[in-house]
Amino acid sequence: MNPLTQALESGFASMAPELQGIYEDLHRHPELSMQEHRTARIAADYIERLGYAVTRGVGVTGVVGVLRNGDGPTVMLRGDMDALPMDEDTGLAYSSEVAGVAHSCGHDLHVAWLAGAARVLSEAREAWQGTLLVVFQPGEETAEGASAMVADWEGAGLPRPDVILAQHVMVGPAGTVTYRPGVILSAGDSLQVRLFGRGSHGSQPQTAIDPVVMAASTVLRLQTIVSRETSPLDSAVLTVGALQAGTKENIIPDEATIKLNMRTYDDAVREHMLEAVKRICSAECDASGATRPPEFTTLSRYPLTDNDHDATARVAVAFHAQFDDAASEGKPAAASEDFSVFGRSWNVPYVFWFVGGTDPQTYAEAVRAGTLDAIPSNHSPRFAPVLEKTLETGLQAMLSAASAWLCIPGSGARQDPA
Ligand SMILES: [Zn+2]
Ligand SMILES: [Zn+2]
């Protein structure tokens with residue numbers, strides 16, 4: 001245990017009802033990406049009362065709290081705030097009261113964790129030294145929020161951190177944490193491609209440039225990027241999830257639209273695939289004699305989450321000291337986050353990890369029965385982390401990780417008296 005989790009242990013019983021209250025309130029009142037006005041106000045008011053210097057409206061609805069506590073490293077803790085455009089089906093007493101919007105990714109828990117960590121750090125100032133940045137980020141689900149905050153950062157006069165830390169609740173036994181040096185989340189890229197032909201009567205193809213055939217051929221050839229251009233030792237996926245053209249069987253339309261999504265685990269593979277998508281689409285248009293080149297639009301872009309090795313090693317030591325065997329190294333997940341935008345933009349090391357949110361008994365039974373896939377995961381309408389244990393573990397994890405920078409020997413901060 002470190003001085004920060006020690007402070008948590010003595011205060012958790014008195015803090016838990018307040019944090020559960022915040023969590024349940026946010027869960028009842030979810031807000032969509034970049035519209036988290038109420039959530040941001042609750043978070044900002046809370047840390048302002050704790051003595052943080054608070055800047056609101058950083059990246060539309062983002063909130064940054066700064067707590068200066070002597071010489072030492074600047075540590076940034078980040079939690080995202082947005083909910084998803086979907087209905088909830090958990091049957092919980094504190095289910096969403098907003099039709100078509102639900103906290104099915106657990107970002108309400110992330111806000112509660114961050115608020116709780118901010119409280120412990122403000123109350124136990126004798127236990128650490130440095131500067132703390134508490135960052136409530138909007139718009140993770142649309143990959144807009146981190147970039148929007150970075151764009152406003154300098155203008156708001158905010159300091160840059162030395163390290164950036166964040167965590168996500170996932171399926172896994174409550175009480176456990178999973179970290180990974182290097183890549184932990186895939187990069188995700190979504191593109192729209194418009195292919196231009198020349199419309200005509202279905203009976204006179206010689207007068208047309210058929211965008212339906214052009215699109216069909218393009219979709220097939222795009223599948224060769226993973227199967228023929230990517231090493232079998234690299235993982236990647238490319239899915240064309242939408243293909244639209246035409247209105248009626250005897251009209252050759254003017255154009256076709258393709259929407260595709262890619263996931264990659266290596267920046268070089270990602271760049272090669274993006275280049276290959278453009279090359280193949282352009283060449284297929286040329287092959288058809290298209291009237292003009294294809295038009296590419298980026299629908300969303302999530303960079304690779306590639307944890308810094310040295311910083312992750314420090315976090316891992318702190319986790320094992322706190323959790324023993326309940327902390328373990330995991331595999332990369334096929335999900336994406338915009339969290340790394342902060343570290344990439346500023347060239348600052350970052351660490352992202354997972355906290356289990358499933359009832360441990362339910363999880364163990366599912367392992368025995370081989371039904372792990374049936375446990376509702378993030379983005380399921382039935383996703384419902386068990387509250388108290390997950391809340392406590394997330395707080396312990398965030399404070400342990402922060403202690404690896406804020407409570408280092410020789411920094412002047414008090415060391416673990418045990
Ligand atoms: Zn999500
Ligand atoms: Zn999420």
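This is a short talk on two helix pairs and a handful of individual residues in a predicted model.

I'll begin with the helix pairs. Helix α8 covers residues 309-323 and helix α11 covers residues 387-406; their axes are 8 Å apart, and the angle between them is about 130 degrees. Since angles that are neither roughly parallel, roughly perpendicular nor roughly antiparallel count as oblique, α8 is oblique to α11. The crossing of these two helices is right-handed.

Who makes the contact? From α8 there are Ala-311, Arg-314, Val-315, Ala-318, Phe-319, Gln-322 and Phe-323. From α11 there are Thr-393, Gln-396, Ala-397, Ser-400, Ala-401, Ala-404 and Trp-405. Sorted by class, the contact of α8 with α11 has 9 nonpolar residues, 4 polar and 1 charged.

The second pair is α2, residues 37-49, with α3, residues 107-123. Here the axes come within 10 Å and cross at roughly 10 degrees. The cut-off for roughly parallel is under 35 degrees, so α2 counts as roughly parallel to α3. On the α2 side the contact uses Thr-39, Ala-43, Tyr-46 and Ile-47. On the α3 side it uses Val-111, Ala-115, Ala-118 and Arg-119. The class breakdown for α2 with α3 is 6 nonpolar, 1 polar and 1 charged.

Now the individual residues, starting at the N-terminal end. Asn-2 sits in the segment before α1, which runs 3-28. Is Asn-2 buried or exposed? Its relative accessibility is 10%, and buried means under 20%, so Asn-2 counts as buried. The side chain of Asn-2 makes a polar contact of 3.5 Å with the side chain of Ser-403. Ser-403 falls within the residue range of α11, 387-406.

Next is Ser-104, in the loop between β3 (74-80) and α3. This serine is buried, because its relative accessibility is 2%. What does Ser-104 touch, leaving aside residues up to four places away in sequence? The list is Leu-84, Met-86, Asn-378, His-379, Ser-380, Pro-381 and Phe-383.

One of those neighbours, His-379, has a backbone feature to point out. His-379 is not a glycine, yet its phi is positive, about 80 degrees. The residue lies in the loop between α10 (360-369) and α11. At 40% relative accessibility, His-379 is partly exposed, whereas Ser-104, which it touches, is buried.

Asn-347 also has a positive phi without being glycine, in this case near 55 degrees. You will find Asn-347 in the loop between α9 (340-346) and β16 (350-358). Why is Asn-347 called exposed? The threshold for exposed is over 50%, and the relative accessible area of Asn-347 is 73%, so the label applies.

The last residue is Ser-231, located in the loop between α6 (224-229) and β10 (236-245). Its relative accessibility of 32% makes Ser-231 partly exposed. A polar atom of the Ser-231 side chain lies 3.0 Å from the backbone nitrogen of Leu-233.

That also takes us back to the α8 and α11 contact, where Ala-311 is one of the α8 residues. Ser-231 and Ala-311 are 80 residues apart in sequence, and C-alpha to C-alpha they are 29 Å apart in space.

Note on methods: Residues numbered from 1 in each chain as written. Chains lettered and ligands numbered in written order. Predicted model: local features only at pLDDT ≥ 70, side-chain atom pairs only at ≥ 80, totals over all residues. Heavy atoms only, no water. Helix = DSSP H or I, 4+ residues; strand = E, 2+ residues; numbered from the N terminus. Buried < 20%, exposed > 50% of the residue type's maximum accessible area, 1.4 Å probe, protein only. Polar contact = N/O pair within 3.5 Å; in protein donor to acceptor, adjacent residues only side chain to side chain. Axes fitted to C-alpha atoms, helices over the stretch in contact; angles between N-to-C directions. Parallel < 35°, antiparallel > 145°, perpendicular 65-115°, else oblique. Left-handed = near helix turned anticlockwise from the far one by under 90°. Contact = heavy atoms within 4.5 Å. Nonpolar A, V, L, I, M, F, W, Y, C, P; charged D, E, K, R; others polar.
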